[in-house]
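This report concerns the strand arrangement of one protein chain. The sequence and the model are shown here for reference.

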Amino acid sequence: MRRPALPDDVLDGVREQLAREGAALSPEVVARALRDQGRPVGDATVLAVHDLLRQDVLGAGPLEPLLRLEGVTDVLVNGAEAVYVDRGEGLERTDVRFADDAAVRRLAQRLAGTAGRRLDDATPYVDLRLADGTRFHAVLAPLARPGTVISLRVPRARVFTLDELVGHGTLNPEGASLLRRIVTARLAFLVSGGTGSGKTTLLSALLSLVDSRHRMVLVEDASELRPDHPHVVGLEARPANVEGAGEVPMRVLVRQALRMRPDRLVVGEVRGVEVTDLLAAMNTGHEGGCGTLHANSARDVPARIEALAMAAGLSQAAAHSQLASALDLVVHLARDGRGRRRVGEVAVLGRDPSGAVLAVPAVTFDGEGNTREHAGLDDLAERLAR
């Protein structure tokens, strides 16, 4: 049955009456509210109003079907008229629309409210994790344009194996074999790449290869890593509440993790001053540590680490000295021209004559599945053997 088009004032009137009465949403209550307003009360109208209001109060509203799509990793709302999804092949525009920006704003505020966070003109942005693990970020208009912006990062329902990533074209069999050897040899590494390049997906797959006798402690800003492993302990940072109290930052959790007898210390995303504690931990006998880092290329990783460490109070020389001792290599992920995620490079960290750390390419992989060897391969082979 085709649902009739509804003027905004019909929905607003029913919404306001339900709020005044505190009544639970049902078709009968909607029909009564429509009659009280002198509106037509046909079955089609009642059902249309009920369905639209139900979207307002349950789940992610009109975005809920998109979150359930097979393979979806991101749902992005750019105002009322543009809603996109990413299913691993780049962004796709959907047919979903909102009535107006007020509808987008209501949804964003409701989702923020479910996590006990405030989202209004005084606090016009929020970043949090919903109860089902979905990462939720929103910025209200007029700070954002063309309207209120919502970004939802969908957690994986299950962890991909390395063989499945080969099947999806994320890396070739030679690359998968090399990464298995890196994990087995307990080399310390970072997975780098841009936003949405698949860093968490790859790291979860690699952590699933860790010896089952090893205890892993994961420290994350938002819990996303889900390795298929029998001994995993996760620590998740907590933002301040609406009163500005209760914050537990990543740096504190890294220190706590060191007291939990980790065989492998994993920092889900290195993005701030916690980098100094991570480097210190990897320089005190915690082999096989790893994490993820936003970077444009493997070559840019030392500069990113340097900037973060210096912001935390380390000198440039100390930052490079710690980095050289703490990490062995970088696995860099990129997107090709069609938006597909893939491993592009494995680089070894070494030092130049001045003492600065450099990322020296060992192996690169192109979009056609070809592998190319580079100057850092001998160094990598030596570290694997050692």
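The text below describes the antiparallel sheet and then the parallel strands of this predicted model.

**The antiparallel sheet**

An open sheet is formed by 6 strands in the order 3-2-1-6-5-4, with antiparallel pairing. Its edges are occupied by strand 3 (91-93) and strand 4 (125-129); each has a single partner strand, so one side of each is left without a neighbour in the sheet. From one strand to the next, the twist averages 15 degrees.

At the strand 3 edge, strand 2 (residues 83-86) is antiparallel to strand 3 and is joined to it by 3 bridges. Within this pairing, Tyr 84 stands opposite Arg 93 of strand 3.

Helix 5 (residues 101-114) lies across strand 1 (74-78), strand 4, strand 5 (135-139) and strand 6 (149-153). The helix runs at about 135 degrees to strand 5.

**The parallel strands**

Strand 10 (residues 264-267) pairs with strand 8 (residues 216-220) in the parallel sense, and with strand 11 (residues 290-294) in the parallel sense as well. The pairings described in this report are listed below.

| Strands | Sense | Bridges |
|---|---|---|
| Strand 2 and strand 3 | antiparallel | 3 bridges |
| Strand 8 and strand 10 | parallel | 4 bridges |
| Strand 10 and strand 11 | parallel | 2 bridges |

Arg 264 of strand 10 is the bridge partner of Met 216, while Val 266 has Cys 290 of strand 11 as its bridge partner. From strand 10 the chain crosses through helix 10 (residues 274-282) to strand 11, in a right-handed β-α-β crossover.

Which way do the residues of strand 10 point? Arg 264 and Val 266 point one way, Leu 265 and Val 267 the other, and all are buried.

How values were computed:
Residues numbered from 1 in each chain as written. Predicted model: local features only at pLDDT ≥ 70, side-chain atom pairs only at ≥ 80, totals over all residues. Heavy atoms only, no water. Buried < 20%, exposed > 50% of the residue type's maximum accessible area, 1.4 Å probe, protein only. Pairing = 2+ DSSP bridges. Right-handed = clockwise from strand over helix to strand, strands pointing away. Axes fitted to C-alpha atoms, helices over the stretch in contact; angles between N-to-C directions. Contact = heavy atoms within 4.5 Å.
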